[in-house]
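Work through these exercises with the model open beside you. Try each task before reading its solution.

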Amino acid sequence: MYIVICEDEPQFAAELQKELETYFKQRETGCLICCCENGDAFRREMERGEAVDLLFMDIHLTDADGVELVKELGHKSIKIPTVFLSSLEERIAEGYDVNAFHFLFKRNYKEKLPALLDKFLNEIYLRKTILIQEHDTAVMLQLAEIYYVEPDNRNTSIHTAVSSYQEKSSIQNFAAHLPEELFIEAYHSLYINIDHIRKVNMDSVVLDNDRELPVSRRKRKQLMAAVMRRIRER
């Protein structure tokens, strides 16, 4: 997961970064965080073209207006779930114009942050879509639709409840785009959507469509922990 913080108060930015790192470490989720100290730095970061999963944007920057910066992204058809940061309440309504995901008031953000991140993970990050290139066709799938993926020679087979697709990329490349919170490698290069697991046996799992898949004995403990974590978080 890639997160950008655009905040011109260095101490606040550092504290927010620490809070985010602690949250995702507790959930065993890898994340990379970039801090931009002003609007110019943010624009340069966006020019790199890196896909950003979540943006924390200070509304009142020394050299720019946070809402206007997000509007600039919209003009370029770049949509990023955005949490606006502010010490004032007077500009909350403006965020609705850019479909803000949430607002945090700096005075009490630590109290609100965990619930906000829980909501982000379950409602947006883990339900985002992924583009599959199958032959001459492009297919958009929600991650939640995928039951499991497995290697197919040098390609990757993606299985849903109703269909299967073949992506012309290696399982290693495809799996790199799967969130660790939702998919687990239960067997060698076999990645299963945790939310579709109905039963865990000693050496297999049964999905909610009755499909049974193998589980490596050395991965069973990790799989059980992942299943229990998802149950607690939902």
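**Exercise 1. Place Leu20 and decide: buried or exposed?**

Step 1. Leu20 has a relative accessible area of 0%. Buried means under 20% relative accessible area, exposed over 50%, and partly exposed in between, with a 1.4 Å probe and protein chains only. Leu20 is therefore buried.

Step 2. Leu20 belongs to helix H1, residues 10–26. Helices (H or I, at least four residues) and strands (E, at least two) are DSSP runs, numbered from the N terminus.

Step 3. Gly39 is 19 residues from Leu20 in sequence. From C-alpha to C-alpha, the two are 21 Å apart in space.

A note on the source: this is a predicted model, in which local features need pLDDT of at least 70, side-chain atom pairs count only at pLDDT 80 or more, and totals for chains, interfaces and linings use all residues. Residues are numbered from 1 along each chain as its sequence is written, and side-chain values use heavy atoms, with hydrogens and water left out.

**Exercise 2. Do the same for Val52: where is it, and is it buried or exposed?**

Step 1. Val52 sits in the loop between helix H2 (39–47) and strand S3 (54–58).

Step 2. Its relative accessibility is 11%, so Val52 counts as buried.

Step 3. Leu32 lies 20 residues from Val52 in sequence. Their C-alpha atoms are 9.9 Å apart.

Step 4. Set this against the whole chain. Of its 234 residues, 49% count as buried. The chain has six helices and 15 strands. Its C-alpha trace spans about 55 × 40 × 25 Å along the principal axes.

**Exercise 3. Check the length of helix H4. What span should its 15 residues have?**

Step 1. H4 covers residues 109–123. The expected span is 1.5 Å times one less than the number of residues. That gives 21 Å for H4.

Step 2. The end C-alpha atoms of H4 are 20 Å apart, which agrees.

Step 3. Now list the buried residues of H4: Tyr109, Leu113, Leu116, Leu117, Phe120, Leu121 and Asn122. An α-helix has 3.6 residues a turn, so residues three or four places apart point the same way.

**Exercise 4. Trace the sheet of five strands. In what order do the strands run?**

Step 1. The order is S10-S9-S8-S12-S11, in an open sheet with antiparallel pairing. Two strands pair if DSSP finds at least two bridges between them.

Step 2. S10 (164–167) and S11 (183–187) are the edge strands, each pairing on one side only.

Step 3. Neighbouring strands are turned by 25 degrees against each other on average, direction ignored. Axes here are lines fitted to C-alpha atoms, for helices over the stretch in contact, and angles run from 0 to 180 degrees between N-to-C directions.

Step 4. Go through the pairs:
- S9 (155–160) and S10 are joined by four bridges. His159 has Ser164 as its bridge partner in S10.
- S8 (146–152) and S9 share six bridges. Pro151 stands opposite Thr156 in S9.
- S8 and S12 (190–193) are joined by two bridges. Val149 has Tyr191 as its partner in S12.

Step 5. Look at the turn. S8 and S9 form a hairpin with two residues between them. In that turn, Asn153 has a positive phi of about 55 degrees.

**Exercise 5. Which strands stand at the edges of the sheet of three?**

Step 1. The order is S13-S14-S15, open and antiparallel.

Step 2. S13 and S15 (212–214) are at the edges, each with a single partner strand, so one side of each has no neighbour in the sheet.

Step 3. The twist averages 30 degrees from one strand to the next.

Step 4. S13 (197–200) and S14 (204–207) pair over three bridges. Lys199 has Val206 as its bridge partner in S14. A hairpin with three residues between the strands links S13 and S14.

Step 5. S14 and S15 also pair over three bridges. Val205 has Leu213 as its partner in S15.
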